[in-house]
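Me: I should like to go through this entry by asking what justifies each term applied to it. Please set every value against its definition.

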Amino acid sequence: MLYELDEEKKLFQKTVRDFSEQVIRPQTDHLWETGEFPYDIIRQMGDLGILGIPWPEEYGGAGGDYLAYAIAVEEIARVDGSCAITVEAHISLGSSPFYYYGSEEQKREWLVPLAEGKILGSFGLTEPEAGSDAGNTQTKAELRDGEWVINGTKCFITNPGTDMSGVVTVTVVTGEREDGRKEISNIYIPKGTPGYNIAPKYKKMGWHASDTRELNFDDCRVPAGNLIGNRGDGFKQFLDCLDGGRIAIAALAVGNAQGAFEECLKYANERVQFKRPIGKFQAIQFKLADMATDIEIARDITYKAAAMRDAKVPHTKEAAMAKLFSSEMCMRTTTQAVQVFGGYGFMDEYPVSRFFRDAKILEIGEGTSEVQRMVIARELGLR
Ligand SMILES: Cc1cc2nc3c(=O)[nH]c(=O)nc-3n(C[C@H](O)[C@H](O)[C@H](O)COP(=O)(O)OP(=O)(O)OC[C@H]3O[C@@H](n4cnc5c(N)ncnc54)[C@H](O)[C@@H]3O)c2cc1C
C-alpha cells in the first residue's frame, strides 16, 4: 500500500515543516548544549494546536487524525528529537488514556487543557523491576476511605517535571484477579499532590532537552474517581495506547533519519577529498541510495499503520512492524550518516552526531526491538 498524501495533508505537512524550520531550527544547538526544556517552542505548538492534533475540537483538540499526528511528529523530529518526543509522549502517552478511556467529566477536566497545550501529560508504566515485563508492576494502590493510596516508583518517565506538567497516569496494582495474576488499573495523579515526588532530570545520551525523571509515590492519596475506565482494565488500556505510541515513535524515527540524510546529501556535495566532492565516489553514493530507500519504506509502513488506526481496524502487528523497522532503519541510517561525515561526524557541533545519539532510544522506548518481534510473532500465531 503506497501513501500519496492528499492536498490537505501536504499543506499541513508544510505548515509543521515551516514552523520547525523557522522556530525550532535556530534553537537546536542551544537546546542540545544546555538541556533546557524548550518552553517557548512547546507553548507555541500548543497555540498552533499541535499538542492536540488527533483529538476532537469539542475536547480542545485540532480535530485531525492519527496520520496528521504522525506527519507532525516526523516533521518536528527532522529538526529536533527532544521537541518531537515531548509532543509524542504528551499525546500518545499523556493524553490518550483520557481520550480513549476517560469519563466525560475526566475528558472535560483533563483532556481539554492537555489538548489545548495548557498543561503537559505523562504516562508512568515503567518501573525499576518492570520494564519489558510491564505486567510485573509493583506500584500499589489501595482503596481506603474513598481514596486511592498509592505507593511505588516509576522510572524513565517523559514530561512530568516541567513547569507545564499537569498530570501523570500510572499503572498500579489494585488487587488480584481470579486467575491469581495482578489486577492492574490506571489512575491519574495531578502534579502537586502530596506524596507525589519527582526526582531531578536524568542525564541522557540523547534527547537532552526532553524531560525524563523518576517518580516516587509515598502514601500519595487521590480520590477514588481518579481511576480511568474500569478497575482491572489498566493492562488492556496501555496496550492499546502503546499501539498508537509505536506508530508515533516510528514517525519520529523516520523524521530523525530524514534529517540526518539531508545533512549527508548536502555534505556529499561540499566535502572535497582527492580533489573531488565525496559524493562523486560510488561508496558514498551507495550509502545515500541505501538511506533514501530505507527511509521511503519506513515512511510508507508508518503512514499505513497510522491510516489503519484512523480506520479503526486491528493494527497491533502493523504498529509493531512500523516501530521495529523504522527505529532500526534510523539507527542504520544515522550510523552511516556519521560515516559520511568522517571525523566531523563525531564532533558534537555537527547535527549528524546528534541524530545518531537520538536514534538509539528509538530501539528501546515504548517496547524494545525484541519486544516488537515478540508482538509480531504473537500476531503471526506463534506462541
Ligand atoms: C528516554 C526515555 C524515555 C522513556 N519514557 C517513558 C515514559 O514516558 N513512560 C514509561 O512508562 N516508560 C518510559 N521509558 C521506559 C522504556 O519504555 C523502557 O526503558 C523500555 O520499555 C525497556 O524497559 P527496560 O529499560 O526496563 O529494559 P528491560 O526490560 O530490562 O530489557 C533489557 C533487555 O532485555 C531484553 N528483554 C527483556 N525481556 C525479554 C524477553 N522476554 N525476550 C527477549 N529479550 C528480552 C530487552 O529487549 C532489552 O534488550 C523511557 C525510557 C527512556 C530511556
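The exchange below takes up the chain, its domains and its salt bridges.

Me: What kind of model is this, and which residues count?
Reply: This is a predicted model, in which local features need pLDDT of at least 70 and side-chain atom pairs count only at pLDDT 80 or more, while totals for chains, interfaces and linings use all residues. Residues are numbered from 1 along each chain as its sequence is written, and side-chain values use heavy atoms, with hydrogens and water left out.

Me: What makes the protein chain as compact as a globular protein of that length?
Reply: Helices (H or I, at least four residues) and strands (E, at least two) are DSSP runs, numbered from the N terminus; the chain has 11 helices and 10 strands. Its radius of gyration is 21 Å, close to the 21 Å from the globule rule for 383 residues, so the chain is as compact as a globular protein of that length. That radius is taken over C-alpha atoms, and the rule is 2.2 Å times the number of residues to the power 0.38.

Me: Why is the pair Glu 262 and Arg 78 called a salt bridge?
Reply: The term requires a side-chain nitrogen of Lys or Arg within 4 Å of a carboxyl oxygen of Asp or Glu. The N to O distance between Arg 78 and Glu 262 is 2.9 Å, so the pair meets the definition.

Me: What does the salt bridge of Lys 154 with Glu 127 tie together?
Reply: The closest N and O atoms of Lys 154 and Glu 127 are 2.8 Å apart. Lys 154 lies in strand E3 (residues 147–158) and Glu 127 in the loop between strand E1 (120–124) and strand E2 (140–144), so the bridge ties together parts 27 residues apart in sequence. The whole structure has 28 salt bridges.

Me: How do you know that domain 1 and domain 3 are in contact?
Reply: Domain bounds come from an automatic or database assignment, which gives domain 1 (7–120), domain 2 (121–232) and domain 3 (236–379). Contact means heavy atoms within 4.5 Å, and 26 residues of domain 1 meet this criterion with 30 residues of domain 3. Three salt bridges are counted between these two domains.

Me: What is meant by the area that domain 1 and domain 3 bury?
Reply: Buried area is the accessible area (1.4 Å probe) that two parts lose on being put together, summed over both. For domain 1 and domain 3 this is about 2300 Å², 60% of it on carbon and sulfur atoms. Trp 32, Tyr 66 and Glu 74 supply 30% of the area that domain 1 buries against domain 3, more than any other three residues.
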